[in-house]
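User: Could you take a close look at one part of this structure for me and walk me through what surrounds it? I work at the bench, so plain language is welcome.

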Amino acid sequence: MLSQFLVSRFIKNHENTKDTKVRDSYGYLGGIVGVCVNAVLFAIKLSVGLISDSIAVIADAFNNLSDAASSIITIAGFKLASKPADEEHPFGHGRIEYISALIVSFMVMLVGFQFIKASFDRIVNPSPVTFELIPFILLLVSIAAKIWLSSFNKFIGKSINSDALEASSLDALGDVFTSSCVALSLLVSKWTAFPIDGYIGILVALFILYSGFTLTRDTLSPLLGEAPDAELVESIKSGVLSYEHISGVHDLIIHNYGPGRCMASIHAEIPCDISVVTIHEIIDKAERELSKKLNIFLVIHMDPINTDSKEVNKAREELEGIIKNFPLVKSMHDFRVVGDGEYKNLVFDLVVEHTKGFKHEDEETLKKNINKELKKIHPLYNALITIDRDFTVL
């Protein structure tokens, strides 16, 4: 496979994709190949377009030119994103990769707008399109080249988990569709004088605009703070729970500072009667090992809970039974019983499913209803509830 050959030939230690330098090398290779392929395709299609006087072919040619510029920006983005952390940016410059992709998406949309206008002018003022066999064959060759480039970008993107390169793969696959339409319009022009060239040009331009919009949306999402990868969330939770004396986890927050640059914090429930020195060593080990294993910066906060008191355990079980009747409640944590004598305060946090219609007033109603059900069992008990937000899901 050509993609694997290029990777093994030009990237040292290409199997170690977790290494930052190796990841950057993948990005550089993807960008360089993109520049070379798109530059050649631009030259081919521009020649075909000028020979045949086809606005659709010329539009497709400049689409490839914008793709070449996009690849240059991708290379620059990887280069700048790899800069080490400094005083102004203690978590590095990884988000530059997203910003470079955003610039690329704007360039793509600009090309689309320009060729909608040019294609509309061709419909209003049609001119004959000249069909030539050799230019047509060159157009088919360019389609085959784009199919391979899409496959190559997908291979590179999946290898290093790069949204930017995987988006480039989809963009190249879209170019296969647009180039196929252009080739069809060139072929049909051989038998008809209808200005299909202009209409196909508009379709190509609209597809370019859609590609640019999609790239913009996908790039803005991590910059605005999208929900973290579900697999990473599960790996962190299961990883922390695998350590001795840790019985539960909650309040996981993950901050994305660029591909492969994440900081995470999580609360871990531990027995309240364990030695502070002992549990600190366990937590410290978990932070160190999981940070290295998952390629993140992990901070674990300890939440001591009482696991030996019969009264506390019974109250927890009764409360868990009550909470099952409230489907919006996902989980409970930080449970403790406060007070002497018959009057008790049950203090705990609830993680609630925040649907679109769930408001602050609904939180207060939920608290009152849970308290009401609790008092049916224990009239002298009072629930002090804090509503938590799950930051790891959409």
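Analyst: Happy to. Let's begin with a lysine: Lys344 has a relative accessibility of 9%, which means that it counts as buried. Please keep in mind that this is a predicted model.

Lys344 belongs to strand β5, and burial is the rule in that strand. Of the 9 residues in β5 (residues 344-352), 8 are buried. Which residues does Lys344 touch, once its neighbours within four places in sequence are set aside? Its contacts are Glu311, Val337, Val338, Gly339, Leu380, Tyr381 and Asn382.

Those contacts are easier to read with the partners of β5 in view. On the one hand, strand β4 (residues 329-338) runs antiparallel to β5, and 7 bridges join the two. The hairpin of β4 and β5 has 5 residues between the strands, and in it Gly339 adopts a positive phi near 125°. Gly339 is also among the residues in contact with Lys344. On the other hand, β5 pairs with strand β6 (residues 381-388) in the parallel sense, over 8 bridges. One of the bridge pairs there sets Leu346 against Ala383 in β6. Tyr381 and Asn382, two more contacts of Lys344, fall within the residue range of β6.

A useful general point for reading these strands: in a regular strand, side chains alternate between the two faces of the sheet.

Now to the helix that helps cover this region. Helix α10 (residues 310-323) includes Glu311 in its range, and Glu311 is one of the contacts of Lys344. With 14 residues, α10 reaches 20 Å from its first C-alpha to its last, close to the 20 Å expected at 1.5 Å a residue. Its buried residues are Val312, Ala315, Arg316, Leu319, Ile322 and Ile323. Viewed down the axis of α10, these fall within an arc of 120°, so they line one face of the helix. The general pattern behind such a face is that an α-helix has 3.6 residues a turn, so residues three or four places apart point the same way. On the other side of α10, Lys310, Lys314 and Glu317 are exposed. The cover over the buried residues of α10 includes β4, β5 and α11 (360-377).

Back in β4, a histidine deserves a careful look. His333 is part of strand β4, and it stands opposite Asp349 in β5. Is His333 buried or exposed? At 3% relative accessibility, His333 counts as buried, because the cut-off for that word is under 20%. The side chain of His333 makes two polar contacts that you may want to find on screen. One is with the side chain of His250, at 3.2 Å, and another is with the side chain of Asp388, at 2.9 Å. Leaving aside neighbours within four places in sequence, His333 is in contact with His250, Asp251, Glu269, Phe348, Asp349, Val351 and Asp388.

Several of those contacts lead to another set of strands. His250 and Asp251 fall within the range of β1 (248-256), and Glu269 within that of β2 (262-271). What order do the strands take in their sheet? The 3 strands form an open sheet in the order β1-β2-β3, with mixed pairing. The edge strands are β1 and β3, each of which pairs on one side only. Neighbouring strands of this sheet are turned by 15° against each other on average, direction ignored. Strands β2 and β3 run parallel and are joined by 10 bridges. Ser265 stands opposite Val299 in β3.

Two helices pack on that sheet. Helix α8 touches β1, β2 and β3, and its direction makes about 140° with that of β1. Helix α9 touches β2 and β3, with its direction at about 150° to that of β3.

For α8, the buried residues are Leu232, Val233, Ile236, Gly239 and Val240. They fall within an arc of 140° when seen down the axis of α8, so they line one face of the helix. On the other side of α8, Ala230 and Glu231 are exposed. At the start of α8, a side-chain oxygen of Asp229 comes to within 3.2 Å of the backbone nitrogen of Glu231.

So, to return to where we began: Lys344 counts as buried at 9% relative accessibility, and its contacts include Glu311, Gly339 and Tyr381.

Technical notes. Residues are numbered from 1 along each chain as its sequence is written. This is a predicted model: local features need pLDDT of at least 70, side-chain atom pairs count only at pLDDT 80 or more; totals for chains, interfaces and linings use all residues. Side-chain values use heavy atoms; hydrogens and water are left out. Buried means under 20% relative accessible area, exposed over 50%, partly exposed in between (1.4 Å probe, protein chains only). Helices (H or I, at least four residues) and strands (E, at least two) are DSSP runs, numbered from the N terminus. The arc is that of the directions from the helix axis to the C-beta atoms. Contact means heavy atoms within 4.5 Å. A polar contact is a pair of N or O atoms within 3.5 Å; within protein, one must be able to donate a hydrogen and the other to accept it, and residues adjacent in sequence count only if both atoms are side-chain atoms. Two strands pair if DSSP finds at least two bridges between them. Axes are lines fitted to C-alpha atoms, for helices over the stretch in contact, and angles run from 0 to 180 degrees between N-to-C directions. The expected span of a helix is 1.5 Å times one less than its number of residues.
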